[in-house]
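Open the structure in your viewer and set it to a cartoon view, with side chains ready to switch on. The tour below gives one selection at a time and says what is there.

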Amino acid sequence: MSLIALVVALALTLGLSAYNVELSERSISRTRAQLAADSAALAAVAESAPYGSGDVEGVARSFATANGANLAECLCSPGSTAVQVEVSMDGMTARARAVVDPSLLMQGVTAFDARGLDPRLELAVDELVAAARGQVRLVSGWRSYEQQAALWRAALEKYGSPELADDWVARPGTSMHERGLAVDLGGDIGLALQLIKQLGLPLRRTLSNEPWHFELNGVGIGP
């Protein structure tokens, strides 16, 4: 092999090595950016859930920063069941979406009984569940006074004060569930909201910290 050929071969080898190193570095940066996006999205959706403090974007930014990235966008709001974030890091951008099933976070809700529901509410929920094709389900319907009292006592034990317990469970005798005018839904709550609007169903969310809780439209809390 001539000296010129040897030099050319060496140059090509060095060039390919540098190219491979660059590709490796870019791959590492891309992976790190995606990990930062994933962690920010997961933290944000947890913060959006009932036991978070409500600072969804702040938590997403904090987790992105902790992983060496900058939060570029956060499509998130307190009480939402899904968030989407975008982060930037070392010239890379990465997106991640996280979804939570609110029914898995409910404060000890195990009572499922549609028998005592107002017929209008029962009809609306049946139509919603059918339209959702398995993606939305009824988790809790009518509750007796005793069932509501048990839930409130559990919340009181968990949070340590009546004021804090009241934030999560209505006191017995005051719950719309006891009157058959409220239900708790599980599954894709975002889809439920879309279908309620599309189908014109008489359902509304009344509790900002319980995105799964729906009541019959036009019904007050009086006797």
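Select Val85 and show what surrounds it. Leaving aside neighbours within four places in sequence, Val85 is in contact (heavy atoms within 4.5 Å) with Ala37, Ala40, Ala41, Ala60, Leu71, Glu73, Cys74, Ala94, Arg95 and Ala96. Val85 is buried, with a relative accessible area of 1%; buried means under 20% relative accessible area, exposed over 50%, and partly exposed in between, with a 1.4 Å probe and protein chains only. The C-alpha atoms of Val85 and Ala98 are separated by 8.8 Å, and the two residues are 13 residues apart along the chain.

The model is predicted, so local features need pLDDT of at least 70 and side-chain atom pairs count only at pLDDT 80 or more, while totals for chains, interfaces and linings use all residues. Residues are numbered from 1 along each chain as its sequence is written, and side-chain values use heavy atoms, with hydrogens and water left out.

**The three-stranded sheet**

Val85 lies in strand 2. Helices (H or I, at least four residues) and strands (E, at least two) are DSSP runs, numbered from the N terminus. Now select strands 1, 2 and 3: they form an open sheet in the order 1-2-3, with antiparallel pairing. Two strands pair if DSSP finds at least two bridges between them. Strand 1 (70–75) and strand 3 (92–99) are at the edges, each with a single partner strand, so one side of each has no neighbour in the sheet. From one strand to the next, the twist averages 20°. Axes here are lines fitted to C-alpha atoms, for helices over the stretch in contact, and angles run from 0 to 180 degrees between N-to-C directions.

Keep strand 1 and strand 2 (residues 82–89) selected. Five bridges pair them in the antiparallel sense. Asn70 stands opposite Ser88 in strand 2. Add helix 2 (residues 56–66), which lies across strand 1 and strand 2 and runs at about 150° to strand 1.

**The four-stranded sheet**

Next, select strands 4, 5, 6 and 7. These four strands form an open sheet in the order 4-5-7-6, and the pairing is antiparallel. Which strands stand at the edges? Strand 4 (136–140) and strand 6 (203–205) do, each with a single partner strand, so one side of each is left without a neighbour in the sheet. The twist in this sheet averages 45° from one strand to the next.

Zoom in on strand 6 and strand 7 (residues 213–216), which run antiparallel and are joined by three bridges. Arg204 has Glu215 in strand 7 as its bridge partner.

Two helices can be added to the view. Helix 3 (residues 119–132) packs on the sheet and touches strand 4, strand 5 (182–187), strand 6 and strand 7; its direction makes about 140° with that of strand 4. Helix 6 (residues 189–199) also packs on the sheet, touching strand 4, strand 5, strand 6 and strand 7, and its direction makes about 125° with that of strand 5.

**Charged pairs**

Turn on the side chains. How many salt bridges does a search of the whole structure find? It finds six, a salt bridge being a side-chain nitrogen of Lys or Arg within 4 Å of a carboxyl oxygen of Asp or Glu.

Select Asp184 and Arg143, whose side chains meet in a salt bridge (2.8 Å, N to O). Asp184 lies in strand 5 and Arg143 in the loop between strand 4 and helix 4 (145–159), so the pair ties together parts that are 41 residues apart in sequence. Both Asp184 and Arg143 are buried.

Move to Arg120 and Asp118, another salt bridge (2.9 Å, N to O). Asp118 is buried, with a relative accessible area of 16%.

Then select Asp166 and Arg171, whose side chains form a salt bridge (3.0 Å, N to O). Asp166 is partly exposed at 33% relative accessible area, and Arg171 is partly exposed at 36%.

**One aromatic pair**

A search of the whole structure finds one aromatic pair. Select Tyr159 and Trp168: the pair is stacked, at 6.2 Å centre to centre and 20° between the planes. Rings of Phe, Tyr and Trp (its six-membered ring) pair if their centres lie within 6.5 Å; planes under 30 degrees apart count as stacked, over 60 as edge-to-face and the rest as tilted. Trp168 counts as buried, at 16% relative accessibility.

**The whole chain**

Finally, zoom out. The protein has six helices and seven strands, and buried residues make up 41% of its 223 residues.
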